[in-house]
Amino acid sequence: MAELRLNRLQVLRNHLFLHNRRIGESSDAFRKGKVNICPFPSSATSQMLKGELERIGVNDVEVEASPQGLEEEYSQILTPPAIRFVADLTRQFSDQVDLMLKQRMKKKLELDITGNIPFFPDNPEIREGNWKVAPVPRRILCRKLDLGDVSPSNTEKFVEALQCDVNGIQTDFDDGHCPTWRNQLRGLHNVYKAVFNQFPDVPDISKAPVLMLRPRAWNMIEHNMIVDGKEVPGPLFDFGLLMYHCAAHLVAKESGPFFYLSKLEGANEAKLWNEIFCWAQEKLGIPHGTIKACVLIENVLASFEMEEILYELKDHSLGLNCGIWDYSASFVNKFGDRKDFVLPDRNKYVNMQRHFLRSYMDLVIHTCHKHGAHATGGMAATIIESRDLSILTKVTEAKIQELLAGADGFMVYDTRLVPVMKKLAVFDKKDNQIERQKRDDVRVTAGDLLQMPAGGVTLAGLKHNVAVGILFIDSWLRGQGHYIYKGAVEDSATAEISRSQVWQWIRHRAKLEDNGEVITRGLVQKIIGDFVDATIMSQDPVPLNSPKHEERFRAAAEIFEEVVTKRDFPEFITTYLNLDHTFLSYQKMHEE
């Protein structure tokens, strides 16, 4: 026990060391005349912005200085009128956002205290009514194939996506994106450039793949803008700037604005988004119903309110989307303390053919098509690294199953998969399957949605989850939102399920199938240590070619250990990182 306490103290010392080292580095750089060590540095651009805001009557708004080298992007995106729009948006909805987040906490506490399970709401007007969502524009009638996890801050990947023969691009400020100040500004500016056709060799926005803009989820905040003494909710910052700069031109080009909405937990959150859409359209002089949004059903509680979610957004709906890993991780989030909700090894026992996930997808398709909306599947994360036909066969078979079930499309990450997927025989000439696949055969109960798959835990699965979690945190410390590991793209969704399962297996003393060994904190600590040592020794899968890089990687491992051994389950790994001083310290390092 004493040894474990010493280990925890060492983690804290290392974090403090990193923080103090940053101060020391800044001091050295200051003495050499390289940087200003003021914790909130000023610059000509931020000072000009402050003065211009005061001149147009915008008070009690603070915006951080531009990262070095992004002064032009900063000035073009953070214009005084744009900042005023975001500030007005924040003031209009800040209290409602706070209330919504408190309602989330209340619902979670009620589930914990009562031991109850979710249920379908009794809303006969909605569930038995013959209503339909509003028709969608011509450009989004066909949503067969999109690219997923495309962070617009990665200029090369974003341009490649704009040149690709797909229907749309999940332009991602959420799961596949790391929200450093530099990344936010570059990403927003790259979207602006795409909309106004400023990239060479890229089609006009009216002919390029549709931009499906995905702002951050409600759990994220924007540290670099403060309104009335409070940091701005991340999704309001992203949505506000995207709308202010791009909406009118997208409307003129019949190409938007279209959005993905992440991690909603119920119809009350869909109602809030609908009010935000209505407010923004009115303020910008855009016709009601112009905005269209696809809700990602990434939380088990949301799966019980899908009809209500569609209904609240019926004037602005672009249907629902179902994935696998964020949704699966939400079971740990909401029911992690309950032994009857322990998820088995995800690599061996969790896939879309398991009953709880197949029921979830069937219900998404039935619900959407019943009300005239699109239902889309998740993203194929596979990376084509060889000509191995078995890999392609596995990916295509999984997506064929989704299409045969009635899905109207899905996403891929690797652009090399696009020609393969477009040749699927089930991709006929119809834009979608809304009328053809009503799925009136679907009868899904609460028990179907909550039926945990049978299976155990393998040592290989435990090691894989540890590796994915550490590598994700390390990726964030490097300012990158996703990375490639063992032939697949890994992002915050796979990091969520990985760290959630490790936390849950420790909590419930799960046993390894291999030898019956109980999964303890000590075992996980050993696996973490072995993985760190092996990575440093082999320089694979991350090159750590300096003491500074090794130090960063060890910090990532320590943060991962913190997350999986907390007494109370941290709700989101991204929230945990975004509020952690180690990540913020590394973010400052990249800004300088």
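**Figure 1. Lining of the second largest cavity in the predicted model.** The residues around the second largest cavity fall into five nonpolar, four polar and four charged. The structure shown here and in the legends that follow is a predicted model. About 70 Å³ of space lies inside this second largest cavity. Its lining is made up of 13 residues, and those nearest the centre are Asp174, Asp175, Met220, Trp476 and Thr574.

**Figure 2. The largest cavity and the helices that line it.** Six cavities of 30 Å³ or more are present in the structure. The largest cavity has a volume of about 110 Å³. Its lining comprises 14 residues, with Glu298, Asp326, Ser330, Asn333 and Phe572 the closest to the centre. Two or more lining residues come from each of helix H11 (325-335) and helix H18 (492-507). The greatest contribution is that of H11, which supplies four residues to the lining of the largest cavity. By class, the lining of the largest cavity has seven charged, four polar and three nonpolar residues.

**Figure 3. Helix H4 and the kink at phenylalanine 93.** Helix H4 covers residues 80-114, a run of 35 residues. From its first C-alpha to its last, H4 reaches 50 Å, close to the 51 Å expected at 1.5 Å a residue. H4 nevertheless has a kink of about 50 degrees, and this kink is centred on phenylalanine 93. Glycine 115 comes just after H4 and has a positive phi of about 75 degrees.

**Figure 4. Helix H17 and the glycine that comes just after the helix.** Helix H17 is built from 19 residues, 459-477. The distance from the first C-alpha of H17 to the last is 27 Å, close to the 27 Å expected at 1.5 Å a residue. H17 is mostly covered, with 16 of its 19 residues buried. Just after H17, glycine 479 adopts a positive phi of about 80 degrees.

**Figure 5. The loop between helix H8 and strand S7.** This view shows the loop between helix H8 (234-252) and strand S7 (258-261), where proline 257 has its place. The peptide bond that runs from glycine 256 to proline 257 is cis, and its omega is near 5 degrees. Glutamate 254 is found in the loop between H8 and S7 as well. Phi of glutamate 254 is positive, near 55 degrees, in a residue other than glycine.

**Figure 6. A cis peptide bond between helices H19 and H20.** Proline 541 is in the loop between H19 and helix H20 (547-565). The peptide bond from aspartate 540 to proline 541 is cis, with an omega near 10 degrees. Helix H19 itself covers residues 521-538 and includes glycine 529. Glycine 529 counts as partly exposed because its relative accessibility is 27%, a value between the 20% and 50% limits for buried and exposed. Glycine 529 and glutamate 558 are 29 residues apart in sequence, and the C-alpha atoms of the two lie 9.6 Å apart in space.

**Figure 7. Lysine 486 in the loop between strands S13 and S14.** Lysine 486 sits in the loop between strand S13 (483-485) and strand S14 (488-490). Although lysine 486 is not a glycine, its phi is positive, about 50 degrees. Lysine 486 counts as exposed because its relative accessibility is 65%, and the cut-off for exposed is over 50%.

**Figure 8. Cysteines 246 and 322, neither of them in a disulfide.** A search of the whole structure for disulfides finds zero. For cysteine 246, the closest cysteine sulfur is that of cysteine 294, and it is 20 Å away, so the two are too far apart for a bond. The cut-off for a disulfide is a pair of sulfur atoms within 2.5 Å. Cysteine 322 is in no disulfide either, and the nearest cysteine sulfur to it, in cysteine 368, is 8.5 Å away. Cysteine 246 counts as buried because its relative accessibility is 2%. Cysteine 322 is buried too, with a relative accessible area of 1%.

Conventions. Residues are numbered from 1 along each chain as its sequence is written. This is a predicted model: local features need pLDDT of at least 70, side-chain atom pairs count only at pLDDT 80 or more; totals for chains, interfaces and linings use all residues. Side-chain values use heavy atoms; hydrogens and water are left out. The expected span of a helix is 1.5 Å times one less than its number of residues. The bend at a residue is the angle between axes fitted to the seven residues ending there and the seven starting there. Buried means under 20% relative accessible area, exposed over 50%, partly exposed in between (1.4 Å probe, protein chains only). On a 1 Å grid over the protein atoms alone, a cavity is a set of points where a 1.4 Å probe fits but cannot get out, and a pocket is an open set with protein on both sides within 12 Å along at least five of seven lines; lining residues have an atom within 4 Å of a point. Grid points are joined across faces, edges and corners, and a volume is the space filled by probe spheres set on the points. Ala, Val, Leu, Ile, Met, Phe, Trp, Tyr, Cys and Pro count as nonpolar, Asp, Glu, Lys and Arg as charged, and the others, Gly among them, as polar.
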